[in-house]
Amino acid sequence: MRLKAMVVLALGGFLAVAPTGLAQNAPSQNLLLNQLNQPGGMAGGAGGSSVNRAAGGARATSRMGDATEAEAGAIAVTPLGDANRPAGVATAVFGASLFTREAAAVSDAPNPNYIINPGDRVSVRVWGAIEAEALGQVDSAGMLFLPQIGPVRVAGTRAGDLQRVVEAEVRRIYTQQVQVYAVLLSTQRIGVFVTGFVRMPGRFGGSAADSVIDFLVRAGGVDTARGSYRDIQLRRGGGVVANLDLYRFLLHGQLPALRLQEGDTLVVGRQHAVVGADGAVRNNYLFEVPGRAMSGRELIELARPLPSATNAIIQGSRDGRPFSRYVTLSELQSAWMTDQDTVSFITDSPSRTIRVNVEGSRIGPSVLVADRDTQLCNLLNYIAVDPLLANTQGVFLLRPRVAAQQGRTMEEALDRLERQLFLATSQTTGVSLIRTNEAQLVSQFIARGRRTRPDGLVVVMDQNGQCAPVRLEDGDVIVIPERSQTVLVSGEVNAPRAILWQANLTVADYVRQAGGYGPRGSSSTMMIRRASGELVLDLSQTPRPGDELIALPRLDPRYLQMLTDFTQVAFQIAFAARAVR
């Protein structure tokens, strides 16, 4: 299809792209977003691009002014998929989740990897050319006697290999027409002492197939405040058989293949130094240090910081005095942490870009990524609109930070209004009853005000439709309203409705077509709200298409002491209602 020329119209500070000479079957509203290659233009060109600039690469920015809240500060993000992580410092000890389950009942069914020991019960049956059956315990020599065959050594054999071992011994004597079935019935019952810093020390029964973790679970697990996960001893006959470090099992799945015996003792040692990691990490835990200090390199390996982490704050105590140090991640690797230190991983590098949403009458993407110092007027030059549909003079911003400020201001006004209402005194009983009824009405108004959520509207267009040099913030929403041919008359009028705009009509004419002012309406409380959010109190100005004429209620004189707060809340509710509508 042959390319057609494009006519670019500069309207209200940004581009309205209108096609000319398009094929007849191409819809006129199918407009394209300009991809300009110029300084401050869209990404995709060479150098100087301010919109959709890649985040990588250093760029010197020189501008006047101080840092704003939009530039933010140090933040600690959480990993994806971990929405339930509690905020604040780490409180859970790494490895404590091993002992959150209840102790499993002792089962006679052996593990296939269990090594058969003397005392275990084995069943063997041979049929065919010879009939033989043995059901009993493995003797102290590790043998099981089979009639007409003799003793067969089964001690030291895996439970899963018992069939193969016995069958090989039988076929060594009877080579033909012999079938063998061998199975381990149950393992030897043993009692193991678990002591040290566990929740419930004592003697616990089990089978020889149970692991060290099974007996620790029966003892309630390691005491998280006093016990060690890295210093557990298995003692037998007065000596130490093995030392266990549960971190090797937690991190690498390595657990020594220990054969627990009757009378063994598991001793959980006292807790060593503990270092906490929180913030932008995957493992938000308290980690135990084998010695008295932990290197930053080891902590990074255990905590696994997120890619967004750039710095860390080390807090603790040294020589009995509070200690704090701020380091980069590279400096943290060579630092040392001692007992009760906490390391908070944070993102302390300002983003080079901001994300801005575009809503309303637009063409093209609804999300734009721009440099942090991008101004609204520059960004508007790269938003394509249809000039017949978009009201380019009514553009406004919705800013989350402003919405939060409006919410705080509104709450303060409502609190003041509530105090004035309920602290007022009455001279007589009749006046008290009247005030009680009036208080109920005002209380309903206050309740409605508390439910109102400001939208953070920022007026960015002047009376001539030119945008102000406003620096955009991350999360801003640029709203481009559609053109309207009506004027909405609302508030204290007899017939609120939308009226077709006419160039020669004044405010009084529109109010007259809406049935005139109501009992509580007056021209002194009338205001004009432009599509851009601008408020005009000068009623001599001519309404424009898309304007809204609002007749606020006239207050009774006895409420004049509440007028300031009441009016402020009413304005905020009116703004929020506009966003909802």
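This passage describes the overall make-up of a predicted protein model and then turns to one of its sheets.

Taken as a whole, the protein contains ten helices and 29 strands. Its chain has 581 residues, and 41% of them count as buried. The accessible surface of the protein amounts to about 31100 Å², with 52% of that area belonging to carbon and sulfur atoms. Contacts across the sequence are also well represented: among those with a separation of 6 or more, 62% are made by residues 24 or more positions apart.

With that background in place, it is worth a look at one sheet. Here five strands form an open sheet with mixed pairing, in the order S14-S13-S19-S16-S17. The edges are taken by strand S14 (286-289) and strand S17 (321-328); each has a single partner strand, so one side of each is left without a neighbour in the sheet. On average, neighbouring strands of this sheet are turned by 20° against each other, direction ignored.

Within the sheet, the pairing of S13 with S19 can be followed down to individual residues. Strand S13, covering residues 273-279, runs parallel to strand S19, covering residues 341-346, and five bridges join the two. One residue to look for is Asp278, whose bridge partner in S19 is Ser344.

A helix accompanies this part of the sheet. Helix H4, made up of residues 296-303, lies across S13, S14 and S19. Relative to S19, helix H4 runs at about 65°. The helix thus lies across the edge strand S14 as well as the two parallel strands S13 and S19.

Key: Residues numbered from 1 in each chain as written. Predicted model: local features only at pLDDT ≥ 70, side-chain atom pairs only at ≥ 80, totals over all residues. Heavy atoms only, no water. Pairing = 2+ DSSP bridges. Helix = DSSP H or I, 4+ residues; strand = E, 2+ residues; numbered from the N terminus. Axes fitted to C-alpha atoms, helices over the stretch in contact; angles between N-to-C directions. Contact = heavy atoms within 4.5 Å. Buried < 20%, exposed > 50% of the residue type's maximum accessible area, 1.4 Å probe, protein only. Areas by Shrake-Rupley, 256 points an atom, 1.4 Å probe, with all protein chains shown as cover.
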